[in-house]
Amino acid sequence: MLVIESWPDPAVALAPRVRAASDPTILLDLTMTAIDVVVWGRNVPPAWQEELSVNTAPYEGFTLEGTLDQITAALRDAKRRRQFPVFLMDDVEHTVALAAALAFSNRLVVSLEPLAPPGAPVLRNTAALEVYCCYGGAVSWDSGLPKDAESTTTSVCALVFIPSFSDGEATLRFASVVENAFGLTVFAHRDV
């Protein structure tokens, strides 16, 4: 498995410590407290981008909060499913379940919002685990001091995981490349 790492010197630059790979076993690195961001640069079917590019229906976003069962039921609601491409709702459901399992959490907040190019800033949270994905684009962040910051961008539809112990500077953005892009955020909170 090819793994890409970014380990900035905090005395020189403000940047998250990142490990990224296209292999799903990279998710095992979420247990390493020395890592701020884990990126699963998964390979998705090209049809996903094509379907988002072709579809011109107006989309409304949504935010769901509750247990995994409540959110899964809401994502499977026929009216909601008709508003989005099938692949998108299926992948959101799988991503939410993955976040809940990795965080050992049953309290979730899920948001799927339409994005206009070039994208939008990401709203962060102090959850046990944060997960981000940009359908129709990528997630990006700046590394370095503000005057010479360099932008890092994930692969298209990569999943970006930020565990609660992350202390790196990561100001994320959704970078859309198609007209109908969506930003997904999943916050898995610690069960009380």
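Strand β3 is joined to strand β10 (residues 159-163) by 3 bridges, and the two strands run antiparallel. The model is a predicted one. Within this pairing, V38 of β3 has F161 of β10 as its bridge partner. Strand β3 is also joined to strand β2 (residues 18-21), here by 4 bridges. The β2 and β3 strands run parallel. Across that pairing, A20 stands opposite V39. Strand β3 thus has bridges to β2 and to β10.

The two faces of β3, which spans residues 37-40, are both covered. V37 and V39 lie on one side and are buried. V38 and W40 lie on the other side and are buried as well. Two of these buried residues also appear in the pairings above: V39 opposite A20, and V38 with F161.

A further strand residue is T185, placed in β12 (residues 181-189). The relative accessible area of T185 is 10%. The cut-off for a buried residue is under 20%, so T185 counts as buried. Leaving aside residues up to four places away in sequence, T185 touches V109, V110, S111, V122, V131, Y132 and F174.

Helix packing is seen between α2 (residues 68-75) and α4 (residues 86-103). Their axes come within 10 Å and cross at roughly 175°. Angles over 145 degrees count as roughly antiparallel, and α2 and α4 are therefore roughly antiparallel to each other. On the α2 side, the contact is made by L68, I71, T72 and L75. On the α4 side, M89, V92, E93, V96, A97 and A100 take part. By class, the contact residues divide into 8 nonpolar, 1 polar and 1 charged. The polar residue is T72 and the charged residue is E93.

The structure holds 0 disulfides. For C134, the nearest cysteine sulfur is that of C133, 7.1 Å away. C134 is in no disulfide. A disulfide needs two cysteine sulfur atoms within 2.5 Å. C134 is buried, with a relative accessible area of 1%. C157 is likewise in no disulfide. For C157, the nearest cysteine sulfur is again that of C133, at 5.0 Å. The relative accessible area of C157 is 1%, and this residue is buried.

Definitions and conventions: Residues numbered from 1 in each chain as written. Predicted model: local features only at pLDDT ≥ 70, side-chain atom pairs only at ≥ 80, totals over all residues. Heavy atoms only, no water. Buried < 20%, exposed > 50% of the residue type's maximum accessible area, 1.4 Å probe, protein only. Axes fitted to C-alpha atoms, helices over the stretch in contact; angles between N-to-C directions. Parallel < 35°, antiparallel > 145°, perpendicular 65-115°, else oblique. Contact = heavy atoms within 4.5 Å. Pairing = 2+ DSSP bridges.
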